[in-house]
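Me: Hello! Could you help me read how two copies of a chain sit together?

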2 protein chains.
Amino acid sequence: MRGGAYGWQAADAGLAAMCWTNTLANVPPWGATAPRVGNNPLIVSFPHANGHVVLDMAMSQFSVGALTTYAARGEPLPVAGGFDRDGEPSRDARAILESQRLLPIGFWKGSGLSLMLDLLAAGLSGGLATRDINPDPERETALSQTFIAFAHVEPIAGAVLAHFHGNTHDARHPGERVLTTRARSLRDGVEVDEAVWRDVLNS
Amino acid sequence: MRGGAYGWQAADAGLAAMCWTNTLANVPPWGATAPRVGNNPLIVSFPHANGHVVLDMAMSQFSVGALTTYAARGEPLPVAGGFDRDGEPSRDARAILESQRLLPIGFWKGSGLSLMLDLLAAGLSGGLATRDINPDPERETALSQTFIAFAHVEPIAGAVLAHFHGNTHDARHPGERVLTTRARSLRDGVEVDEAVWRDVLNS
């Protein structure tokens, strides 16, 4: 299950939440070339009657899932998402998956935040840290995860979102695209990738 | 006092911590051109006998303080820190301070995280949200702040940092530069900007 699901679940119960997991080492710290931190997705959610506000973000500029999707479609990334084999910044998802040099969000900042989330997740639970997690994605198990829920939050999301969007609604807030996609899927059915669908039928 | 100070204080007491504040609106959400989210510094700290691990990061790629320092020195930023008046990505701190178009870390990701930190800080405290805070930096008061301390964390920082640095120590971990600077300042005295020092003497 995607980490974001826990954020939606908390918000449905009227709670704000902050949750994260560590992962196998799949992002090089800023300055390094080998993957030594996880992309450690962080979820922050806040309840709102008109549709909750839910952030679900990996510490890499693009999650491995997003890179795989761009690579499969042969589309360039909207911004550089890592480095190619020659160490050049790249918008080619395939080249980045090959080099394993994913870019942390905000360069040194995402690199640092990823380390902190790993320290907290493993340090609070007594579970495995990224350094202990099997680097084979097929054997990435026994991760450490943190779930914090906050009760009694003021119902301020409507006012804060109104200010965030201003008169222009030129920016998207966290969770907005999920809500749009969910509404469309409920109305028109779920969009499925043809190649993936054939694989499912043939498996 | 810098927010980071609270992280060091918690770590000195053997606690891990996560603290943040909202600020006046000084960063445009990703996709927008006018500042409508704060740069909402986030502090995450973890105790370590050989020097605590302390992250202190604004949601903009560069804090206003860092931009001011680069502008004063006339040095280019190491990476794009925002947009100039013409909407072009820029490494010129002065042009960014002028346009007020600071870049959020990780583009849409920092924009979203900034919004979430504002919702949580104001929603948990019942205090002001960024939308309510005076946009004049001289009158930026009554911010909302969150301080979370975690007791009983496992002493894993040494092992995790060893993995983070590998054999190369080509990456810097959060707090490392502070510790180096502190050691140098204690040994050689505190480095002071000549122009600022003259201003102090003349004021």
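Me: How should I read the way chain B is laid on chain A?

Reply: Two copies of a chain are related by a rotation about an axis and a shift along it. In this predicted model, a turn of 180° and a shift of 0.0 Å along the axis lay chain B on chain A with an RMSD of 0.0 Å, superposing by least squares on C-alpha atoms of residues with pLDDT of at least 70 in both. The two copies are thus related as by a two-fold rotation axis.

Me: Which residue of chain B comes closest to the rotation axis?

Reply: That is Gly106(B), with its C-alpha at 2.4 Å. The same surface serves both copies, as 100% of the contact residues of chain B recur in chain A (contact: heavy atoms within 4.5 Å).

Me: What area do chain B and chain A bury between them?

Reply: The size of an interface is often given as the accessible area lost when the parts come together. Here about 5,000 Å² is buried (1.4 Å probe, summed over both parts), with 78% of it on carbon and sulfur atoms. Chain B gives 65 residues to the contact and chain A gives 65 residues.

Me: How many salt bridges does the rule find across the interface?

Reply: A salt bridge is a side-chain nitrogen of Lys or Arg within 4 Å of a carboxyl oxygen of Asp or Glu. The rule finds two across this interface; one of them joins Arg36(B) and Asp170(A), 2.9 Å from N to O.

Me: And how are residues and atoms treated?

Reply: Residues are numbered from 1 along each chain as its sequence is written, and chains are lettered from A in the order written. Local features need pLDDT of at least 70, side-chain atom pairs count only at pLDDT 80 or more, totals for chains, interfaces and linings use all residues, and side-chain values use heavy atoms, without hydrogens and water.

Note on methods. Buried area = accessible area lost by both parts, 1.4 Å probe.
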